[in-house]
Amino acid sequence: MKLFDVYPLFNIEPIKAQGSWLWDKEGKKYLDLYGGHAVISIGHNHPHFVESLKSQLDKISFYSNSIKNELQEKLAEKLGQVSGYPQHQLFLCNSGAEANENAMKLASFVNGRKKIIAFKKAFHGRTSGAVAATDNQKIVAPFNAGHAIEFLPLNDERAFTQAINSEVAAVIIEGIQGVGGIHIPTNSFLQFLSKKCKEVGALLILDEVQSGYGRTGKFFAHQFANIEADIITIAKGMGNGFPVGGVLIHPSIKPWAGMLGTTFGGNYLACAAALSVLEVLENENLMQHAAELGQYWMNELKNFSSILEIRGEGLMIGFDLPDSLATLRQDLLVKHSIFTGEAKPNTVRLLPSLAMSKGEADILLEALSIELKQAATV
Ligand SMILES: Cc1ncc(COP(=O)(O)O)c(C=O)c1O
C-alpha cells in the first residue's frame, strides 16, 4: 500500500531527538526551531517525559472512558492550577481539530444557536466545523461548507459590532494566529469580544492549540488581555509529541451523559504525557524562560534591516521577508541545518522548545547574520 501523498516532504529523516536537536540516519545534527509545528514544548525526549511514559506503559496503557481513571483527575487538577483556570472543567480528546469541533458543538448545545464568528486568516483544524471556521477555502470540501460561519477582520471592533447578535452561538479566535502568520489580537479587541459576547449570550472560544501551554510566556496568550474565556481549546504542546487535546469548559456549562465523547481521549499514556509536561513547565520555570528568550530574540531580530516586520510573544515569533529573501527558510535548513516554520507568502515562524538555551537561540542569529549579509551584497 502507498501512503496518501498529501504532505510536501523535506528529504530528511530524523531518527533520534533530544532537547532542541534532531539527528538523521547519517548522524547529521539539526537544530529544531519549529518543534514539529509548535508541538515540542519541554524539549524532545525530555527525561521526565520519557520516564513517565515508560513507567505508565509498565502498568496499564488503555481502557475505555467507561471506567474511573485517576490520572485524568490528577491532570485536570494540575492543569487547573497551572493554567489559572481552576474552576473550569476538562474534556480530554486527541487533537486540536477535535478540541475545536467539541468546543463549537458545546457552545451550540448551550445556547441552541448555530452561527459561529471566526476571523480572517484563522486556522482551527480539518474536521468538519473546525475546517469550516478556517479561512482557507482550498481545504474546505463541499461536505464541510454547510456550516454557518462568518469571517471578520481581526482587531476590527466596528465589523464585530455589526456582526455580533443573539443568533451567534460562539466566537472562535486563536490566542495568537499561528498558521496565518503570527497575528496577535490586541488586548482591547479581546476585551471587546468578551464584553460583547456576554451581552448577547454568545460563548467566547479561545483556540490556544498553538499559542497555549506557556509558549508566549503566559500559560494562555489571551491572559495578556486579562479576560476569562468561556471555552479554551488545547493540544500541540500539551503532550510534547504524544497526541492529546483538551477543552476547558466554564463551570456554568453543565454536562449530561453522552453530551461529548471519544474512545481514545484521556487514555493513560496521554494523561501521563500531559502531566509530565505540566510538571516540567513548573519545575524548570519554562514560561518565564520562554518570555525572556523570546524578548531576547525579538530585540536581536530588530537589528536585521532586511527583515520587514517582527511579530510575536515569548517563543511564538514570526518575521516577514521581502520577496528577494523568499528562500531564506530553505537556506537555513540546507546550509545551516536549522528547522524553522513558515507562513505564506514570506513569513518565517519560530516555534522552538520552551527549554531552548540562549546558545541555541544564538545559532539562529549567527546563521541569519551570514545569510542576510550575503543577500545584501548580491
Ligand atoms: C490554532 C490551531 N488550532 C487547531 C489546529 C489543529 O490541530 P490538529 O492538527 O491537532 O488537529 C492547529 C494546527 O496547526 C492550530 O494551529
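Which residue in β10 is the bridge partner of Ile 232? The views below get to that. This is a predicted model, where local features need pLDDT of at least 70, side-chain atom pairs count only at pLDDT 80 or more, and totals for chains, interfaces and linings use all residues. Residues are numbered from 1 along each chain as its sequence is written.

**View 1. Strand β9 (residues 231–234) is covered on both faces.** Strands here are DSSP E runs of at least two residues, numbered from the N terminus. Ile 231 and Thr 233 sit on one side, Ile 232 and Ile 234 on the other, and all are buried (20 or more other C-beta atoms within 10 Å of the residue's own, with C-beta atoms placed from the backbone).

**View 2. β9 has β8 and β10 as partners.** Two strands pair if DSSP finds at least two bridges between them. Strand β8 (residues 203–207) runs parallel to β9, joined by three bridges, and Ile 205 stands opposite Ile 231. Strand β10 (residues 245–249) runs antiparallel to β9, with four bridges; here Leu 248 is the bridge partner of Ile 232.

**View 3. Four strands make an open sheet, in the order β1-β2-β3-β13.** Pairing is mixed. β1 (14–18) and β13 (338–339) are at the edges with a single partner strand each, so one side of each has no neighbour in the sheet. β3 (residues 29–32) pairs with β13 in the parallel sense over two bridges, and Asp 32 has Phe 339 as its bridge partner.

**View 4. The ligand has 15 residues around it.** Ser 95, Gly 96, Ala 97, Gly 125 and Val 209 come nearest (a residue is near if its C-beta atom, placed from the backbone, lies within 6 Å).

Key
A residue is buried if 20 or more other C-beta atoms lie within 10 Å of its own, exposed if 12 or fewer, and partly exposed in between; C-beta atoms are placed from the backbone.
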